[in-house]
Amino acid sequence: MMQLLETFEKIYNFRDMGGQVTKDGRSVKKGLLFRCGELGHATNADLIRLKDMNIQVIFDYRDDHEASTVVTPTIEGVTNIRVPANTNLDHSSTSLENMLKNPMWTRENALGHFYADMLFENESYKALLACIREQQVPLVHHCAAGKDRTGVGAALIYLLLGVSEEAIIEEYLLTNEATAKKPPLWFTKMKEQMTEYEDVFGKMAGVEAVYMQTVFDRIKENYSSYEAYFKEEFGIDEVEMARLKDYYLEVI
C-alpha cells in the first residue's frame, strides 16, 4: 500500500512514487521519483529536506501566471524545468465564479476529460519523459495541487514502467487522504470562495477513480496498446521501454 510522506511543513500532497508493484512482479524503486503540489510555500526546513533527498530536477507543469504568483524556490544543485501541461486553461482570473463559467467545467466527468485532452502531442509530458529517459533523477514533479496535471504525469510514468491501471488509480486516490489530513492553502481558500458551488467544489477539489479511468480509456481509443502510444507520442520503443524498466524497477 502506497503511503504519503508527511515530513514537510508546507509542501502538500508529497509522496514517493516508488513501491508500486508492476505487472511483471517487480517494484518501482524508491527514492527516484516524487510528486507533490506547488513548492512556493516551502519553509527553509522543507528546502533542506529536499536537498537532503538529493533531488536533481524539479519539474513544474504550471503556466506562466501560476508560476509567477507562487514561485518555485531555487535550490543549489537542483535544475528547475517548467513546461505548461495545459495551454488552453487560463489561470489568470482571480474569480472562481468566472472560471466556473467555462463550459469545460459543466460537462459530465469534467476533470476526466481535462486529463484526457492533455494526452496527445503534449510538450510538457514529452519533456517529463525526456527527463525519465535521461535518468535525471531523483526528480519531483508538481503542478498547483499535485493531483491533476501531476496525476496524469504520474500515470504516464507508471504505465511506461508496467504498473497496472488498478494500482495507478489506487495511488492517484491518495490525494483525497492527503487533503483530508492536511488541507493545503489552495483548498481552504477555494472552499471559502465556493460556498455557493459546493457540488462543483467537491468534484474539482478531490479526485475520483473515473477521472483516471478516462485517461486509460482515451489512450486505448486512439492506440492499439500502451506500447503503441509511447512509440508514437514519445518515440519510446519496446527496447527502450525494457531498458527503462531495468533502471527504475527492482526485483522484490
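Contact here means heavy atoms within 4.5 Å. This is a predicted model, so local features need pLDDT of at least 70 and side-chain atom pairs count only at pLDDT 80 or more, while totals for chains, interfaces and linings use all residues. Residues are numbered from 1 along each chain as its sequence is written, and side-chain values use heavy atoms, leaving out hydrogens and water.

**Exercise 1: K231**

Find which residues K231 touches, leaving aside its neighbours within four places in sequence.

*Solution.*
- Start with the element: K231 sits in helix α12. Helices are DSSP runs (H or I, at least four residues), strands likewise (E, at least two), both numbered from the N terminus.
- With those neighbours set aside, K231 is in contact with I236 and D237.
- For a longer step along the chain, take M241: 10 residues from K231 in sequence, and 9.4 Å away C-alpha to C-alpha.
- K231 is partly exposed, because its relative accessible area is 47%. The cut-offs are under 20% for buried, over 50% for exposed and partly exposed in between (1.4 Å probe, protein chains only).

**Exercise 2: E233**

Work out what surrounds E233, another residue of helix α12 (residues 226-234).

*Solution.*
- Check for a salt bridge, meaning a side-chain nitrogen of Lys or Arg within 4 Å of a carboxyl oxygen of Asp or Glu. E233 is buried yet has none; K126, the nearest side chain of opposite charge, is 5.5 Å away. For charge, Lys and Arg count as positive, Asp and Glu as negative, and His and the chain ends are not counted.
- Now look at the backbone: the nitrogen of E121 lies 2.8 Å from a polar atom of the E233 side chain.
- Finish with the neighbours. Beyond four places in sequence, E233 is in contact with L119, F120, E121, K126 and Y223.

**Exercise 3: cysteines**

Why does C143 form no bond with its closest cysteine?

*Solution.*
- Take the rule: a disulfide is a pair of cysteine sulfur atoms within 2.5 Å.
- The C143 sulfur is 8.7 Å from the closest cysteine sulfur, in C36, so that's too far for a bond.
- The count by this rule is 0 disulfides.
- C143 counts as buried at 2% relative accessibility, and C131 counts as buried at 4%.

**Exercise 4: the sheet**

Lay out the strand order and pick the edges.

*Solution.*
- The 5 strands form an open, mixed sheet ordered β1-β3-β6-β4-β5. Two strands pair if DSSP finds at least two bridges between them.
- The edges are β1 (15-16) and β5 (79-82), each pairing on one side only.
- At β1, 2 bridges lead to β3 (residues 33-36), running antiparallel; R15 has R35 as its bridge partner in β3.

Conventions:
Polar contact = N/O pair within 3.5 Å; in protein donor to acceptor, adjacent residues only side chain to side chain.
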